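Look at the model below with its side chains switched on. We start from the cysteines, then turn to the interior and the surface.

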Amino acid sequence: MKLNARRTILVGLAFLSISAFWQLYDSLIPLILKNTFQVSDTISGGIMAIDNVLAVFMLPVFGSLSDRVHTRIGRRMPFILCGTAAAVIAMLFLPFADNIGSLALFVTALLVTLVAMGSYRSPAVSLMPDVTPKPLRSKANAIINLMGAVGGVISLLLISVLVPKTGKPDYFPIFLIVAAVMVVSVLLLLWKIRENPLRTERERIDAGLTQMEAGKADGAAARPGKAEQAPAPETKTTLDPAVRKSLILILISVACWFMGYNAVTTAFSRYAQIYWGIQGGGFANCLLIATAAAILSYIPVGSIASRIGRKKTILGGVALLASMFALGAAVKEYHAWINVLFALVGVAWAAINVNSYPMVVEMSKGGDIGKFTGFYYTFSMAAQIVTPILSGFLLEHVGYFILFPYAALFVVTAFFTMLFVRHGDSRPLPKKSRLEAFDVDD
């Protein structure tokens, strides 16, 4: 069985558009709040957490809702189209409000944008497992994350080039270009991907794999001349207690590593300018290094996970991420070698990000993919509600030096909770023949 890489890349256009916006949001909104509206770090952290507060409620609801919707263009596509349209209109009012100094308009536009983005994130992410057989989801998720990284790179390049080192910047061209990228990506997705036929094909393949595994477990042999059975409809069943325990532990792990990672990404533009003395949009170069390293790592870590397992790959990434954050705590001013640190952060995050979501949806029963996607994002977003506020408070009242030790502490905690996860790991497919054993998977 081979992954259809071209189709997965097209499916990943939805995540590219989402990631382009969130990179823009994390990088520029804190600067606008601090430099234009003179908002304190604690309050700024609270404002940056609003999207995650909304997500905790919206992502499970819209994920489950998209499981039940059936239209001519699919279950997920209507949410992706409508959500993107609303988001790109509302987000253009953000730089306009910054230019005229209207905090009321800025907050209003921000709320509308965040609601629009939250309405289609779970459906967009659920599209990949909808059209991809279970054994291929780690590799597919690697490509999806690769597409997301490309979206982040687009925003970071725009910031690095278009944000001046002196004077008040005009962010409107950056927001306009990112909005255009979002629109083009989603229209291309709609044009090239036929969601309903692809989902039906995936259900048939998964049903066949399930029957094959059940037959092996029972010691049953195939009967000559037996008619091919139609795939059983996807069901929603109660989880076994052991699986539920693993689900809870991995969701706690997700929350912990997002507590650490998101604290750094949310505060880094301010941290780099104030603590390391980086001018203008120069902070984006460090993030570009991390993103480029992640891009180069997504495909390899997906392949590694298919061989050694998702859990071991995640644990390796968590250990590396904690080490890099601990090392970052010792850095008092910017040096060129810091780029190596950020490159390893990108590798570590790729190892975690490629495999954690597939482990969660692996525990679902097919018809619950949207629901389990909602679980994943509920825990990740809940962490991202707390961490901007908590880290912002510590930055303001303890000092900016606390950022990396804070991040390292939570990532170390995630390592220990992840150790006890026992389900959701990858299950490599058996080779159909001895000749196929020489075939190296893409």
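**Cysteines, cores and a surface patch**

Cys286 is buried, at a relative accessible area of 1%. This is a predicted model. Cys256 is buried too, because its relative accessibility is 11% and the cut-off for buried is under 20%. How many disulfides does the model contain? The count is zero. The test was a pair of cysteine sulfur atoms within 2.5 Å.

Now turn to the interior. In soluble globular proteins, nonpolar side chains tend to be buried together. Here the largest nonpolar core holds 130 residues. Which of its members touch the most others? They are Met91, Trp257 and Phe342. Helix H12, spanning residues 241-274, makes the biggest contribution to this core: 17 residues.

Take Met91 as a way in. Set aside its neighbours within four places in sequence. Met91 then contacts Phe21, Leu24 and Thr113. Its other partners are Phe175, Val178, Ala179 and Met182. A second core lies separate from the largest one and has nine residues. Among them are Ala142, Leu146, Ala351 and Val354.

Finally, move to the surface. Ile89, Phe93, Phe96 and Ile100 form a nonpolar patch there, of about 400 Å². Which helix supplies the largest share of the patch? Helix H6, residues 93-100, does, with three residues. Phe93 sits in helix H6. Is Phe93 buried or partly exposed? Phe93 counts as partly exposed, because its relative accessibility is 40% and that class runs between the under 20% and over 50% limits.

Terms used. Residues are numbered from 1 along each chain as its sequence is written. This is a predicted model: local features need pLDDT of at least 70, side-chain atom pairs count only at pLDDT 80 or more; totals for chains, interfaces and linings use all residues. Side-chain values use heavy atoms; hydrogens and water are left out. A nonpolar core is a set of buried Ala, Val, Leu, Ile, Met, Phe, Trp, Tyr and Cys residues joined through side-chain atoms within 4.5 Å. Buried means under 20% relative accessible area, exposed over 50%, partly exposed in between (1.4 Å probe, protein chains only). Helices (H or I, at least four residues) and strands (E, at least two) are DSSP runs, numbered from the N terminus. Contact means heavy atoms within 4.5 Å. Patches are made of residues with over 30% relative accessible area and no salt bridge: like charges are joined within 9 Å, nonpolar side chains (Val, Leu, Ile, Met, Phe, Trp, Tyr) within 5 Å. Accessible areas come from the Shrake-Rupley method with a 1.4 Å probe; for residues, only the protein chains shown count as cover. A salt bridge is a side-chain nitrogen of Lys or Arg within 4 Å of a carboxyl oxygen of Asp or Glu.
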